[in-house]
Amino acid sequence: MKIAIVGCGAMGSVYAGLFAAAGHEVWAVDSWREHVEAMRAHGLGIEGGSGDLSFRVQATTEAKDAGACDLVILATKAMQVAAAAESAKALVDSHTLVLSIQNGLGGPDTAASILGKDRVMVGVVGGFGASMKAPGHAHHNGMELVRLGEFEGPVTSRLQKVAELWQSAGFRVKCFDDIDQLVWEKLICNCAYSGPCGIADRTVIEVMEDPDLSLVSAACAREAYEVAMKKGIKLGFTDPVAYVRDFGSKIPHARPSVLLDLMAKRKSEIGVINGAIPRVGHQVGVAAPVNETVTALVREKERRLGCR
């Protein structure tokens, strides 16, 4: 299969490397020129949960260089999806499927508005804890689960084929009939760690073990769970705090993307993670003051650090 990863940062690099290892033709598309040049010159290095490996991939800053692909994976942050989807038009023909994978709320909807809801599927990943060590070199802490779903209706044969493709590359995959469930189950975990880790400059386990930060993390998860329940989302658990602690225990030394962005003085995805809870909560009549406060503190930190 010919696969393009649009937004080949930390998570995208893990996808690209393992798909390449499985024998697929992989195109890594990213705007970070140094990263692209490093992949061209030395290959793509991956270390951590999948071992210490190096892979040859095609790398470019221009999606049009790849041409039409069988599968396009949009792996950018939520605020970059619109630009990524526009560039991905050069990768799409009549048979191409698109999988949009982002933290938080809204990314796949943006992709579908540009590329068509009939073409776009939704992915949610958890338990990876990925980061960039250097251009051309990514690290990830684990390989917990890739969740896949269609925008509307139950699991389809095409979704099953995409799942088999991921499985062939060594990923653990589960397909869902209800995409709201898969999105919100991951969002609740993101809320528990993204904002608190970002504010305090702590890893997941450091937040879990701190007597004060653990209370903030738990409150973020409870609020997100209460909003989901009021919204009518079906979830596979009834104890959000136990659920997020189990999630966190599998990637204890991970730094969530919000913290990594702050460390790099980049604007983070806090608005579609913790910031999404009070916004949706207002729509359904559920207050979310902890998530609102955490979001405000992250945004203040972004301004203080001069994040762009």
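Which residue does the side chain of Lys250 meet in a salt bridge? Select Lys250 in this predicted model and you will find that its partner is Asp246, with a distance of 3.3 Å from N to O. Colour the pair by accessibility, and Lys250 turns out to be partly exposed, with a relative accessible area of 39%, while Asp246 is also partly exposed, at 41%.

Next, select Glu86 and Lys89, whose closest N and O atoms are 3.0 Å apart in another salt bridge. Glu86 has a relative accessibility of 41% and therefore counts as partly exposed, and Lys89, at 43%, is likewise partly exposed. Side chains of opposite charge can pair in this way when their charged atoms come close. A search of the whole structure finds nine such salt bridges.

Now move to Asp261 and Arg266, whose side chains meet in a salt bridge of 2.8 Å, again taken from N to O. Here the two partners sit in unlike surroundings: Asp261 is buried, with a relative accessibility of 1%, whereas Arg266 is partly exposed, at 38%. Add Lys77 to the selection, and you have a network of salt bridges that links Lys77, Asp261 and Arg266.

Keep Lys77 and Asp261 on the screen and select Glu269, which lies in the loop between helix 10 (257-263) and helix 11 (276-284). Glu269 is buried and yet has no salt bridge. Lys77 carries the nearest side chain of opposite charge, but it is 5.0 Å away, and a salt bridge requires the nitrogen and oxygen to be within 4 Å. What the side chain of Glu269 does have is a polar contact of 3.4 Å with the side chain of Ser257. If you leave aside the neighbours within four places in sequence, the residues in contact with Glu269 are Lys77, Ala78, Met79, Asn103, Ser257, Val258 and Asp261.

Finally, turn to a sheet. Four strands form this open sheet in the order 4-3-10-9, and their pairing is mixed. Select strand 4 (53-55) and strand 9 (130-134) to see its edges, where each strand pairs on one side only. Looking across the sheet, you can see that neighbouring strands are turned by 25° against each other on average, with direction ignored.

To study one pairing in detail, show strand 9 together with strand 10 (residues 137-140), which run antiparallel and are joined by four bridges. Within this pair, select Ala130, and look for His140 in strand 10 standing opposite.

Conventions:
Residues numbered from 1 in each chain as written. Predicted model: local features only at pLDDT ≥ 70, side-chain atom pairs only at ≥ 80, totals over all residues. Heavy atoms only, no water. Helix = DSSP H or I, 4+ residues; strand = E, 2+ residues; numbered from the N terminus. Buried < 20%, exposed > 50% of the residue type's maximum accessible area, 1.4 Å probe, protein only. Lys, Arg positive; Asp, Glu negative; His and termini not counted. Polar contact = N/O pair within 3.5 Å; in protein donor to acceptor, adjacent residues only side chain to side chain. Contact = heavy atoms within 4.5 Å. Pairing = 2+ DSSP bridges. Axes fitted to C-alpha atoms, helices over the stretch in contact; angles between N-to-C directions.
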